[in-house]
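User: Hi! I'm new to reading protein structures, and I'd like to go through this one with you step by step. Could you help me?

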Amino acid sequence: MSDTKTILVTGATDGIGTETAKRLLEEGADVYLHGRSDEKLARTAEALEKETGKAPAGTFRANYASLSEVKQMADAILARLDRLHVLLNNAGVFMNERVETEDGNEATFQINHLAPFALTLKLLPLLKASAPSRIVNVASMAHQR
């Protein structure tokens, strides 16, 4: 069995997510990227490979404003991966106005809290089977504004 860690970085197509994925690739991890756009995922994967010399192990797409998409992505992850050592819940938004999702939830609450929680619950058996494993939740201080 390989010592290489398998890591999923959500919200990997921008900011902290992209930088985190870059550093993890440089450390030798098998990094899977999550984003809500296939185009941004492809551009990010290409840029990361160019910068690090190592391609991400793969990508998964889901818009966190849709809990059904989160479930579909979790099912795809479970079908594709036989191990997951780190789930890095980084995806999130900051919205100035109230927006409601197709699920009837306020968008910031769903995207920042409900969707990562739903994904984590679905992936928990895989994470436990891959022990030692970790769940890392990235947060922001934006709520203080």
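User: Is the crossing of helix 1 and helix 2 left-handed or right-handed?

Analyst: Happy to help, and please keep in mind that this is a predicted model. Helix 1 covers residues 15-26, and its axis is 10 Å from that of helix 2. The crossing these two helices make is right-handed.

User: Which word describes how helix 1 is set against helix 2: parallel, perpendicular or oblique?

Analyst: Let's start from the angle, which is about 45° between helix 1 and helix 2. Angles under 35 degrees count as roughly parallel, and the roughly perpendicular range is 65 to 115. An angle of about 45° fits neither, so helix 1 is, relative to helix 2, oblique.

User: How do the residues of the contact of helix 1 with helix 2 divide into nonpolar, polar and charged?

Analyst: Helix 1 brings T18, A21, K22, L25 and E26 to this contact. From helix 2 come T44, L48, E51 and T52. Sorted by type, they give 3 nonpolar, 3 polar and 3 charged.

User: With which side chain does the side chain of K22 make a polar contact?

Analyst: K22 is part of helix 1. Setting aside its neighbours within four places in sequence, K22 touches L48, E51 and T52. The polar contact, at 3.1 Å, joins the side chain of K22 to that of E51.

User: How far apart in space are K22 and E49, C-alpha to C-alpha?

Analyst: Along the sequence, 27 residues separate K22 and E49. In space, their C-alpha to C-alpha distance is 8.7 Å.

User: Now for the sheet: which strands stand at its edges?

Analyst: The open sheet has 5 strands, paired in parallel and ordered 3-2-1-4-5. A strand at the edge has a single partner, so one of its sides has no neighbour in the sheet. Reading the two ends of the order gives strand 3 (58-61) and strand 5 (134-137).

User: Which residue of strand 3 stands opposite H34?

Analyst: Strand 2 takes in residues 30-35 and runs parallel to strand 3, with 4 bridges joining the two. Across from H34, in strand 3, you will find F60.

User: What angle does the direction of helix 3 make with that of strand 3?

Analyst: Helix 3 (residues 67-80) packs on the sheet. There it touches strand 1 (6-9), strand 2 and strand 3. Its direction and that of strand 3 make an angle of about 155°.

Definitions and conventions
Residues numbered from 1 in each chain as written. Predicted model: local features only at pLDDT ≥ 70, side-chain atom pairs only at ≥ 80, totals over all residues. Heavy atoms only, no water. Pairing = 2+ DSSP bridges. Contact = heavy atoms within 4.5 Å. Axes fitted to C-alpha atoms, helices over the stretch in contact; angles between N-to-C directions. Parallel < 35°, antiparallel > 145°, perpendicular 65-115°, else oblique. Left-handed = near helix turned anticlockwise from the far one by under 90°. Nonpolar A, V, L, I, M, F, W, Y, C, P; charged D, E, K, R; others polar. Polar contact = N/O pair within 3.5 Å; in protein donor to acceptor, adjacent residues only side chain to side chain.
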